[in-house]
Amino acid sequence: MDLRHPFPETLKYAARRERRPHPDPGRPIFEHLCDSRINSLPTSRVCGRRVTDHYLVAVLSLPRGTTFKHTLRVPGIYSAGLWMLAQCREEELVQAPPESDLELLPLPPKNPMPYWQRIQAARSFHTGTERLRDAGGPVTCLTLGPRWLIPPIVLATSPRAIRDILSIKDDAVDKTSPVFDEMRRVMGANLANLPYQPWMSRRRTLQPVFTKQRVREFGGHMAQAAEMVCDQWRDGGEVDLDAESRKLTLRALGRSVLGIDLDQRADAIAEPLRVALKYSVDRALCPLSAPWWLPTPARRRARTASATVHRLAQEILRTCRSDPTSDAPLVHALIAARDPVTGRSLTDEQICNELIVFLFAGHDTTATTLTYALWALGRNAEHQDRLAAEVADLPHRRLTPDDVPRLAYTVQVLRESLRLCPPAPTGTRLARRDVEVGGYRVEAGTMLAFGRMAVQRDPTLWEDPLTFDPDRFSPDKMKKLDRWQYIPFGGGPRSCIGDHFAMLQATLALATVIRRVKIHSLDDEFPVALHFTMVADGPIRARVQRRD
């Protein structure tokens, strides 16, 4: 039975066209999803079949026995959209082997690097994963201290091993690793760091807010913000691409989705977020840390930084609640969001926590991607001219989300930038029970790390991996890539919910800048620093020349 048809199609036609009921509307949904051979298995065992990722997240989170009749009465599931979720990209689900088979698998090999080199590599979690892979292989185990202080770490850097971690559909692998525990303490619980059970409800609630169609409402101000920033540049003058990209993304984010002018509020966003998140990572990777209740200087700085961004989020929310007509589509969407199963809305605290992570992702990571893309184009005149020609073919007006389908090469440039400089070079999970990773048995209680940057620059997977080549992502070549060798937004059920928004914003910004100016990069290297994400380490200098 092909799960992509007829079930999602039935939903599509029923929801959009004829509004006709499903066949046998009293039959449990699960029986339509699964044939009789696996119908009796738990939801996490719907495996080995190609089904839509986000669609399964919504359906499998329904109580067992839920029928189609039930979905007709649940706001958001039937009419708002499972058929829309079914349009999301497909993932290959992985079924955990039976316990008897799992016990026969070998444990991951221990990494042979000396202890202090392992410590340095683990803390340099961008290039460090490549060094650990080269020393210990695509699946390697390293210890940083006694298990009672810090769990052992298994690093995965091959597509197969990364798939085994990210595509698990239950809580066997969860976001309960020390990194996420510290993030929840410092920044609050949000979709990016919630454990499996509370995450399911939050994902159901927020998914309709971030569909490809919905985020188009959030992209209207990016081209305008890019034009305003470019107009301030002196012809032939020198600019810092990183600082200008951060100014651009912050301005667009404030005006397009939050309903507030953030131009003068950068100090209340960028630095406090970096301080709080860097503290979370440093503490999680330290074998011996002070008790949480002890007010160390670093902890006081992290708490102060967290309070600063929480006050800003609370101000944004109060403004939108007091003025329902304010131009803040994301905030109003979060206020109106409901869990389609329980009907519950988000509390003010939950909304603020989501606004904070959106501020961080929408500003920090998008700015880094845009900075790298501009710097790379400034060193490759051929690629820059090709992108400029693509934009020149569009009508001479401000770019809009409707123009994105005609900016295919611009998207390729951004994809290549995300391959070489992913803002989140590494991710972590915690194995809550024994699981298979790349043909090895990983024991419960082990921290699982996957090297996003390592796999995206692996010389066994990419030709000339350090060369900037947007044609790697031409339509024909994209089809030949392994799904799990390119994961800038992750994969599986917990992939980045804001990937469509990020690509929309970055595409409009990059196209607008290159349409107006020619970039000449003045630095041969792109230095990076690690806080929580990977950012430019210092100014990225370029000379700008206005186009006719």
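**View 1. Thr 140 stands opposite Leu 155 in strand E4.** Welcome to a predicted model, in which local features need pLDDT of at least 70 and side-chain atom pairs count only at pLDDT 80 or more, while totals for chains, interfaces and linings use all residues. Residues are numbered from 1 along each chain as its sequence is written, and side-chain values use heavy atoms, leaving out hydrogens and water. E3 and E4 (residues 153-156) pair in the antiparallel sense over four bridges; two strands pair if DSSP finds at least two bridges between them. Helices (H or I, at least four residues) and strands (E, at least two) are DSSP runs, numbered from the N terminus.

**View 2. Five strands form an open sheet with mixed pairing.** Their order is E3-E4-E10-E7-E5. Strands E3 (139-142) and E5 (173-174) stand at the edges with a single partner strand each, so one side of each lacks a neighbour in the sheet.

**View 3. Helix H7 (residues 115-123) has Arg 118, Ile 119, Ala 121 and Ala 122 buried (under 20% relative accessible area, 1.4 Å probe, protein chains only).** Seen down the axis of H7, these buried residues fall within an arc of 165° (directions from the helix axis to the C-beta atoms), so they line one face of the helix. On the other side of H7, Trp 116 and Gln 120 are exposed (over 50%). The cover over the buried residues of H7 includes H8 and E3.

**View 4. Helix H14 (residues 241-258) meets helix H17 (residues 329-336).** In H14, Ser 256, Val 257 and Leu 258 contact Pro 329, Leu 330 and Val 331 in H17 (heavy atoms within 4.5 Å).

Methods:
Axes fitted to C-alpha atoms, helices over the stretch in contact; angles between N-to-C directions.
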